[in-house]
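Colleague: Could you walk me through this model, one piece at a time? I would like the reasoning as well as the answers.

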Amino acid sequence: MVRSRGDIATTPHHQPVRDTDRPHRLPQRRRRTTTAHHPPPARQPTGPPLPPGASAGPPSRFLPSSSPARALRIRRIPVTAVSPPAWIEGVSTSLPSFEPPTGDSPPPTDDPVRQPPVSGTIPSGPDGAVPSAHDRSRPPYPQHPAAPRSPQQPGDASAIPPAIIAAGVSRSFGAVHAVRGLSFTAQAGSVTALVGPNGCGKSTLMLMLAALLAPDAGHIRIGGVDPAQNPTAVKAMVGWMPDQFGAWDSLRVREVLEVIGSSYFLPREVARGRIERLLDELDLRSLAEQRAHVLSRGQKQRLGLARALIHEPRVLILDEPASGLDPAARRRLRDVLRSRAEAGVCVLISSHILSELEEMADSVVLMDRGEVVDSSSLRDLAHRPRTWRIEGLSAGALRAALTALNVHGTEVREGERTTSGHAEALMALPDEATAARLLRDLVAQDAQVVGFSPTTGRLEAAYLRTDAARREGSL
Ligand SMILES: Nc1ncnc2c1ncn2[C@@H]1O[C@H](COP(=O)(O)OP(=O)(O)OP(=O)(O)O)[C@@H](O)[C@H]1O
């Protein structure tokens, strides 16, 4: 989160609102300049040439069609940081790897491309009797090809130009390099998760994408438009939800949405219809006539999301929208974002709640220290190593089955020592296909398996393999 972004807008009702929380105003139709209300970034970015597909002119479907919103007067007051949600728990990977019997099963021929393991995170068995899945000379199962862990290259995911392109983007605050030469893309019609530890630059990046902060270097395209050249058009395309924002406390919930709708110059009837739908969709109807200052944090978050959606943006940029939401509201958030993605919206969302991101995201961009350190589709994360928990009715039956499968060095804990009451074993497996074959073989050996599942989600496992997780002591 950003501790001090500077500008705060004051509404006609004189309620302080963060600069980053101001409604995006639509581009001018009649007037040629908007500099009075949308000054261009102080510094014009420089950087590497744009990747393919990053043309300066916006595709027509991204172009706004409305006239500009009224200006909000601006004054500056400091912004206070709020604590982020707890970071994820650590998981030990000091576990033996599964080595199925040679010749037991042919490797599947339709396995998609695998991601490379990070050396050292999936060690071999403690007694050395079982070679790791990565050091066998002729493994019976597919190995991970040595692909570089590099950020997605713009244009390689689809023939459709990405809705968000960042190429070599940097931004510093004095001596702090918040974002450093960062490149990534996000596609229309998908949810992209932005994940990384506190202070890694997520909010700074999002502010630049939303045309609210100028990069020092690099290039950004939102729907083909450069925020540095045409911030007004970008703001019209983007629905922005900051990690914290002023709530215009004296206004009622419905009035807040009406003000935002009018700031986009939505026709009154159009705005009214959208407000009614959003009140239902975000479970705000019972709060519609409440003044904003009585809302709880989670209710304000829902109102913030409604504000971001009111102009039906083509790109949604949401900074920790799930923080403060109860479980039902989080499910609702997931449904809302999935429905927008299915309708063709590009959704970029940051969060520390990886299990929930996993349920709604199509792809992930992992950041650390201002840089992208990894990126993948959620599907491809299935082909990465994870730790699996095997539960059985009998420790003896589980041990015997593992021995018969030539798996040595795996500790099988007796049911008296586990919370489930089942015998348990933990194993590091290179991918989900291997896990499926191990389960099949255990069942064939009558291991009395009653539970077989990964100990972490795909996203969490990917995060745990980053330097950030190691620094935090998660491993
Ligand atoms: N306006 C600012 N002035 C000075 N430093 C800033 C400013 N905004 C951000 N920073 C610094 O830039 C770095 C990145 O901050 P940013 O808020 O982008 O991180 P983040 O990944 O969003 O963190 P979190 O997960 O805690 O929200 C941090 O070191 C932060 O202190």
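Modeller: Gladly. One definition before we start: two strands count as paired if DSSP finds at least two bridges between them. Please keep in mind that this is a predicted model.

Colleague: Thanks! Which residue in β7 is the bridge partner of Ile165?

Modeller: Start with the two strands, β4 (residues 164-173) and β7, which pair in the antiparallel sense. Their pairing rests on 5 bridges. In β7, the residue that partners Ile165 is Arg221.

Colleague: In what order do the 3 strands of that open sheet come?

Modeller: The pairing in this sheet is antiparallel. β5 (176-186) and β7 (217-222) each have a single partner strand, so they stand at the edges and one side of each is left without a neighbour in the sheet. On average, neighbouring strands are turned by 25° against each other, direction ignored. The order is therefore β5-β4-β7.

Colleague: At about what angle to β5 does helix α1 run?

Modeller: Helix α1 covers residues 202-209. The helix lies across β4, β5 and β7. Against β5, its direction is at about 60°.

Colleague: Let's move to the other sheet. Which are its edge strands?

Modeller: This one is an open sheet of 6 strands with mixed pairing, in the order β8-β9-β10-β6-β11-β12. From one strand to the next, the twist averages 15°. An edge strand here pairs on one side only, and that description fits β8 (238-241) and β12 (371-377).

Colleague: Which residue in β11 stands opposite Ala193?

Modeller: Strand β6 (residues 191-195) and strand β11 (residues 363-368) run parallel. They are joined by 4 bridges. Opposite Ala193, the residue in β11 is Val364.

Colleague: And which residue in β10 stands opposite Ala193?

Modeller: β6 also pairs with β10, in the parallel sense and over 4 bridges. β10 is joined to β9 as well, through 5 bridges, and those two strands run parallel too. In β10, Leu318 stands opposite Ile349. Ala193 likewise faces Ile349.

Colleague: How many residues of strand β10 are buried?

Modeller: Side chains in a regular strand alternate between the two faces of the sheet, so each face can be checked separately. On one side of β10, Cys346, Leu348 and Ser350 are buried, and on the other, Val347 and Ile349 are buried. Both faces are thus covered. For the strand, residues 346-350, the count is 5 of 5.

Colleague: What is the handedness of the β-α-β unit made by β9, helix α6 and β10?

Modeller: The unit leads from β9 (315-319) over helix α6 (residues 327-342) to β10. With the strands pointing away from the viewer, a clockwise path from the first strand over the helix to the second is the criterion for one of the two hands. This unit is right-handed.

Colleague: How are α5 and α6 oriented to each other, roughly parallel or roughly antiparallel?

Modeller: Two packed helices are described by the angle between their axes and the distance between the axes. For α5 and α6 the axes come within 12 Å and cross at roughly 10°. Angles under 35 degrees count as roughly parallel. The two helices are therefore roughly parallel.

Colleague: By class, which residues does the contact of α5 with α6 have?

Modeller: From α5 (residues 297-309), the contact is made by Arg302, Leu305 and Leu309. From α6 come Ala329, Leu333, Val336 and Arg340. By class, that gives 5 nonpolar, no polar and 2 charged.

Colleague: Now the loops. Is Ala211 buried or exposed?

Modeller: Ala211 sits in the loop between α1 and β7. Its phi is near 65°, a positive value in a residue other than glycine. Under 20% relative accessible area counts as buried. Ala211 has a relative accessible area of 13%, so the answer is buried.

Colleague: And Asp446: buried or exposed?

Modeller: Asp446 is in the loop between α9 (432-444) and β16 (449-454). It too has a positive phi, of about 55°, although it is not a glycine. The cut-off for exposed is over 50%. With 54% relative accessibility, Asp446 therefore counts as exposed.

Colleague: To finish, what percentage of the residues in the protein chain is buried?

Modeller: The protein chain has 11 helices and 16 strands. Of its contacts between residues at least 6 apart in sequence, 78% join residues at least 24 apart. Among the 475 residues, the buried share is 55%.

Methods:
Residues numbered from 1 in each chain as written. Predicted model: local features only at pLDDT ≥ 70, side-chain atom pairs only at ≥ 80, totals over all residues. Heavy atoms only, no water. Axes fitted to C-alpha atoms, helices over the stretch in contact; angles between N-to-C directions. Contact = heavy atoms within 4.5 Å. Buried < 20%, exposed > 50% of the residue type's maximum accessible area, 1.4 Å probe, protein only. Parallel < 35°, antiparallel > 145°, perpendicular 65-115°, else oblique. Nonpolar A, V, L, I, M, F, W, Y, C, P; charged D, E, K, R; others polar.
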